[in-house]
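Let's walk through this structure together, one region at a time. Please keep the 3D view open as you read.

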Amino acid sequence: MYCFNEEEYQKRMEWYVNARFGMFLHWGLYAIPARGEWMRSFEKLTDEEYQRYFDEFNPTDYDPKKWAHMAKQAGMKYMVLTAKHHDGFCLFDSQYTDFKSTNTRCGRDLVREYVDAVRGEGLKVGLYYSLLDWHHEDYPHFSDSAHPMYQNPDYPDEGRVWERYLEYMHNQVRELCTNYGKIDILWFDYSFGEYSGEKWGATKLVNMVRTLQPGVIIDNRLEVSGSGLGSLASGNPLPYHGDFVSPEQIIPQEGIRDVNGKPLIWEACFTMNDSWGYRLTDKYFKPASMLIKKLVECVSKGGNMLLNVGPDAKGNFPEESVHILQEIGKWMDKNSESIYGCGMSEMPRPDFGRITQKGNLLYYHIFDNTIGPIPLLGIEKKDVKKIRLISSGAEVPIANNWVSNNYPDITFADLGNNPILPDPVDTVLEVELQHQK
């Protein structure tokens, strides 16, 4: 029986907190119609109507080694793939269903190839598993508002046995925890209304998972959706508590704390454009410069960032996603020390950007240049051991001129007279203190 242990919890979360940056992958049959992963629900397609995408599925360009390499080059430390999304289609060879990739024209266990590729790049392996299932005959059709057949009188709930669905779901999770080696993250999705906690058999499920995968990290969505905190925040963790909070499509304003004010571990997941699964017409891609700043924002508030890519029907990343990942990677190549192993700082947030901290190292992220030297509020000159431009290692002196000397209580860093920052997206100063503040 699993019981919460603070020491064991902190130990298993250590790599995750240090990693800070991961890739989410939403991919499945819905990449063919290219209208998003919820299209079957929105368009109220029957199993028979959705079957044509199963019959057609054959991602000839699928190469998870390329995916993992792009993630690593972007500076990501872990990946999370939708082994099964809400439509019930499995990217793995489950013995409990015929609705799986090995039964398509593709004929491959796509999860097997994925986990091997991710490990091959030295990244941590994450698998997403939907608690919902629009394909399974025992999952409620008529009464679940998300189900494509919601309130359709031709699909009543009578005769559907919930316990049979739970057995199926638990069996599939056991397969994922047994057949694919060490799994680092298990990302369940999601709870709502009465479908929460023990409705999923959550205690039994987590006990099984933690027995099979003792070091696995589990999200909080056996209890809540992307808008909830879960029982870890209450100070009284339930047996199926989430190891981290998972805000979706938003970054918390001031990080996340429990009822006692203790910072919680959290991860903001969001899309590059407006869609999780591939959507042909969605070209609203966030620029790389914005996403770099959002990664910094997450870390400065004590959180991780899980950035989504929705591969197309052939298994390729959208061209826009590739370019964005490359640009993020260029910045991370020079500045990742200000991300990995860093977290929030007690120093006041500067007007020009944000601060991340690791021990006695303060990383000042300068998004907007200042008029005059850079103010390092809250730091006395005597406390500064050295200041370096993190991208090049160049020394940055403490300002000592008539402008800065007008403010004797403030320490300023002197970047020189050029009004253009060395990195127009985010120039990072590493300020090493004599002692940790």
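What follows is a tour that moves from the sheets to the helices around them, and then to a few residues with unusual local features.

A word before we set out: this is a predicted model.

Let's start with the parallel sheet. Here 7 strands form an open sheet in the order β5-β4-β3-β2-β1-β7-β6, and the pairing is parallel. Strands β5 and β6 are found at the edges; each has a single partner strand, so one side of each is left without a neighbour in the sheet. Look next at β1 and β2, which pair in the parallel sense over 4 bridges. One residue pair to find here is glycine 22 with its bridge partner in β2, tyrosine 78.

Now bring in the helices that pack on this sheet. Helix α4 lies across β1 and β2, and its direction is at about 145° to β2. Helix α8 also packs on the sheet, where it touches β1, β6 and β7 (303–309) and makes an angle of about 150° with the direction of β7.

Helix α5 (residues 110–120) deserves a slower look. Which of its residues are buried? They are Leu110, Val111, Tyr114, Val115, Ala117 and Val118. These residues cover an arc of only 165° around the axis, which puts them on the same side of α5. The elements that cover the buried residues of α5 include β1 (21–25), α4 (64–73), β2 (78–84) and β3 (124–130). Both ends of the helix are worth a visit. At its start, a side-chain oxygen of aspartate 109 comes to within 3.2 Å of the backbone nitrogen of valine 111. Just after α5, you will find glycine 122 with a positive phi of about 75°.

Tyr114 also leads us into the nonpolar interior. The largest nonpolar core has 122 residues, and Met79, Tyr114 and Val173 are the ones that touch the most other members. Helix α6 (residues 162–178) gives the most to this core, with 8 residues. To see the surroundings of methionine 79, set aside its neighbours within four places in sequence: its contacts then include Met23, Leu25, Trp67, Ala68 and Ala71, along with Tyr114, Val118 and Leu123. There is also a second, separate core of 18 residues, and Leu376, Val384, Ile387 and Leu421 are among its members.

From here, let's turn to the antiparallel sheet. It is an open sheet of 4 strands with the order β8-β9-β13-β11 and antiparallel pairing. Strands β8 (353–358) and β11 (384–389) stand at the edges, each with a single partner strand, so one side of each is left without a neighbour in the sheet. From one strand to the next, the twist averages 20°. Strand β11 is joined to β13 (residues 427–433) by 5 bridges, and the two run antiparallel. For a specific pair, find leucine 389, whose bridge partner in β13 is leucine 429. Helix α8 appears here too: α8 (residues 288–300) lies across β8 and β9 (361–366), running at about 50° to β8.

Back in the parallel sheet, stop at threonine 271, which is found in strand β6 (residues 266–271). Is threonine 271 buried or exposed? With a relative accessible area of 1%, threonine 271 is buried. Its side chain makes a polar contact with the side chain of glutamine 249 at 3.1 Å. The side chain of threonine 271 also reaches the backbone oxygen of asparagine 273, at 2.6 Å. Apart from neighbours within four places in sequence, threonine 271 is in contact with Gln249, Trp276, Lys286, Leu307 and Asn308.

Glutamine 249 has a feature of its own: its phi is near 60°, a positive value in a residue other than glycine. You will find glutamine 249 in the loop between β5 (217–218) and β6, and its relative accessible area of 39% makes it partly exposed. Alanine 34 likewise takes a positive phi near 60° in a residue other than glycine. Alanine 34 is in the loop between β1 and α2 (39–42), and at 10% relative accessibility it counts as buried.

Our last stop is a peptide bond. Aspartate 189 and tyrosine 190 are joined by a cis peptide bond, with omega at about -10°. Tyrosine 190 has its place in the loop between β4 (185–189) and α7 (202–212).

Technical notes
Residues numbered from 1 in each chain as written. Predicted model: local features only at pLDDT ≥ 70, side-chain atom pairs only at ≥ 80, totals over all residues. Heavy atoms only, no water. Core = buried A, V, L, I, M, F, W, Y, C linked by side-chain atoms within 4.5 Å. Buried < 20%, exposed > 50% of the residue type's maximum accessible area, 1.4 Å probe, protein only. Contact = heavy atoms within 4.5 Å. Arc of directions from axis to C-beta. Polar contact = N/O pair within 3.5 Å; in protein donor to acceptor, adjacent residues only side chain to side chain. Pairing = 2+ DSSP bridges. Axes fitted to C-alpha atoms, helices over the stretch in contact; angles between N-to-C directions.
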